[in-house]
Amino acid sequence: MTSRRQFLAGLAAASLAPTQGWSTVGAPDFLAAALFPDGTYRLAGLSSEGGILFSLPLPARGHAAAAHPLRAQAVAFARRPGTFGVVIDCKSGTQTARMDAPKGRHFYGHGVFSRDGTHLFTTENDYEAGEGVIGVWDSEDYTRLGEFSSGGVGPHDMRIMPDGETLIIANGGIETHPEMGRTKLNLPIMQPRLSYLSLSGSVLEQIELPRTLHKNSIRHLAVRSDGLVGFAMQWQGNRLTHPPLLGLHKRGEAPRLLAAPGSVQSALQGYAGSIAFAGDGKTIAITCPRGNNLLRFDSLTGRLNDTTPLEDVCGLGAGPSGFVFTTGTGLVGALTAKARISARPDCQWDNHLVPVGLPV
């Protein structure tokens, strides 16, 4: 049976000149930012087996990246409240462009290409107005074309829905200002929100959590092929309260919130890092770096399947037969139903694994 990597490599080779496609750099499964042993911040291409296929320098600490759907090109974003996006030719290892957030804006560390690769969308903060915006960029020369409202405050992660025409945005609800660093300015009145927007910025649907959970910041997203959205949350309320950190939503329905049994849930310290569906969509997982744990849930029943203790685990993606993860301690691993196989390339991996070749 053809593997996902083989399929993507063949697709790229068949549809693009050899100098452009992801196959020219080993058909990586993921992009991930890391602090390397020599003290440099870099963006790496990883295989699902944990191999580093390439690593490219960044001007400062990175957070997440956007992988162009066709050519071997990535945009690495600064950790919020950073203002740079670096466009990298992953074959030559050269920086081909630099995106700077406009005056009065900063990036939130995430972005996504349109399905055809012609446009890049970025989550940003209009920090004087205290409102979220989505920047729109031309992916040929990375000039800014415009912006529109994110539909809330503090937009963080963003994905393209399977229809290719809808953005799903995790508006975390937290107001910040770069002069105050990462200080949270509006916790008493924050309101997280899932916003579904057209590619031109029209609001199609918005989902808010119950008022009792208004301090549960929606941060990161995963999207299944049938449009089911998973969202990971980070609790900003009383530390003695242990609300659900994982939600599921399908358009037109109410969100479902999933939690582990009490003793497990309370050990997570109110913080989910990354989220991903398994390749078959039957399982969804979240990482909890503060609780040093990876949790897998049944996406149909909402039942907790199992937990895997892992120190400072955060990066997460779908692997060939389960999940691939990274940790801040340098671990890269493949978690399957039977076993965990790990490698240690001595890097301090940042928060996310960005899939390559998928419109997410």
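Here is a quick tour of some sheets, loops and one cavity in this structure. Keep in mind that the model is predicted. Two open sheets come up below, one ordered S16-S17-S18-S19 and the other S20-S21-S22-S23. There is also a hairpin made by S8 and S9, plus three buried loop residues: serine 139, threonine 176 and tyrosine 271.

**The S8–S9 hairpin**
- Strand S8 covers residues 105–113, and 9 of its 9 residues are buried.
- Its partner is strand S9 (residues 119–126); S8 and S9 run antiparallel and share 6 bridges.
- One bridge pair to look for is phenylalanine 113 with leucine 120 in S9.
- The hairpin has 5 residues between S8 and S9, and glycine 117 in the turn shows a positive phi of about 80°.

**Serine 139, in touch with that hairpin**
- You'll find serine 139 in the loop that links strand S10 (131–138) to strand S11 (144–149).
- Its relative accessible area is 0%, so serine 139 counts as buried, the cut-off being under 20%.
- A polar atom of the serine 139 side chain sits 3.1 Å from the backbone oxygen of threonine 118.
- Beyond its neighbours within four places in sequence, serine 139 contacts His68, Arg71, Gln73, Phe113, Gly117, Thr118 and His119.
- Among those contacts are Phe113 and Gly117, and both have turned up already: phenylalanine 113 as the bridge partner of leucine 120, glycine 117 as a turn residue.

**Threonine 176 and the cavity**
- Threonine 176 belongs to the loop between strand S13 (166–171) and strand S14 (193–198).
- Threonine 176 has 4% relative accessibility, which makes it buried.
- Setting aside residues up to four places away in sequence, threonine 176 touches Arg80, His106, Tyr108, Asn125, Tyr127, Arg182, Thr183 and Leu185.
- How many cavities of 30 Å³ or more are there? The count is 1.
- The largest cavity holds about 50 Å³ of space.
- Its lining is made up of Arg80, Tyr108, Gly154, Ile174, Thr176, Lys184 and Arg219.
- Arg80 and Tyr108 appear in that lining, and they are also among the contacts of threonine 176.

**Sheet S16-S17-S18-S19**
- This open sheet has 4 strands with antiparallel pairing.
- Strand S16 (216–223) and strand S19 (256–258) are the edge strands; each has a single partner strand, so one side of each has no neighbour in the sheet.
- From one strand to the next, the twist averages 30°.
- Inside the sheet, strand S17 (residues 229–235) and strand S18 (residues 246–249) run antiparallel, joined by 4 bridges.
- Alanine 232 faces leucine 246 in S18.

**Sheet S20-S21-S22-S23**
- Here too, 4 strands make an open sheet with antiparallel pairing.
- Strand S20 (275–277) and strand S23 (304–309) are at the edges, pairing on one side only.
- Neighbouring strands are turned by 15° against each other on average, ignoring direction.
- S21 (residues 283–288) pairs with S22 (residues 293–298) over 6 bridges in the antiparallel sense.
- Isoleucine 284 is opposite phenylalanine 297 in S22.

**Tyrosine 271**
- Tyrosine 271 is in the loop between helix H2 (262–266) and S20.
- Is tyrosine 271 buried or exposed? Buried, with a relative accessible area of 15%.
- Not counting residues up to four places away in sequence, tyrosine 271 touches Met233, Gln234, Leu245, Thr287, Cys288, Pro289, Arg290 and Asn351.
- Tyrosine 271 and leucine 145 are 126 residues apart in sequence, with 35 Å between their C-alpha atoms.

Notes:
Residues are numbered from 1 along each chain as its sequence is written. This is a predicted model: local features need pLDDT of at least 70, side-chain atom pairs count only at pLDDT 80 or more; totals for chains, interfaces and linings use all residues. Side-chain values use heavy atoms; hydrogens and water are left out. Buried means under 20% relative accessible area, exposed over 50%, partly exposed in between (1.4 Å probe, protein chains only). A polar contact is a pair of N or O atoms within 3.5 Å; within protein, one must be able to donate a hydrogen and the other to accept it, and residues adjacent in sequence count only if both atoms are side-chain atoms. Contact means heavy atoms within 4.5 Å. Two strands pair if DSSP finds at least two bridges between them. Axes are lines fitted to C-alpha atoms, for helices over the stretch in contact, and angles run from 0 to 180 degrees between N-to-C directions. On a 1 Å grid over the protein atoms alone, a cavity is a set of points where a 1.4 Å probe fits but cannot get out, and a pocket is an open set with protein on both sides within 12 Å along at least five of seven lines; lining residues have an atom within 4 Å of a point. Grid points are joined across faces, edges and corners, and a volume is the space filled by probe spheres set on the points.
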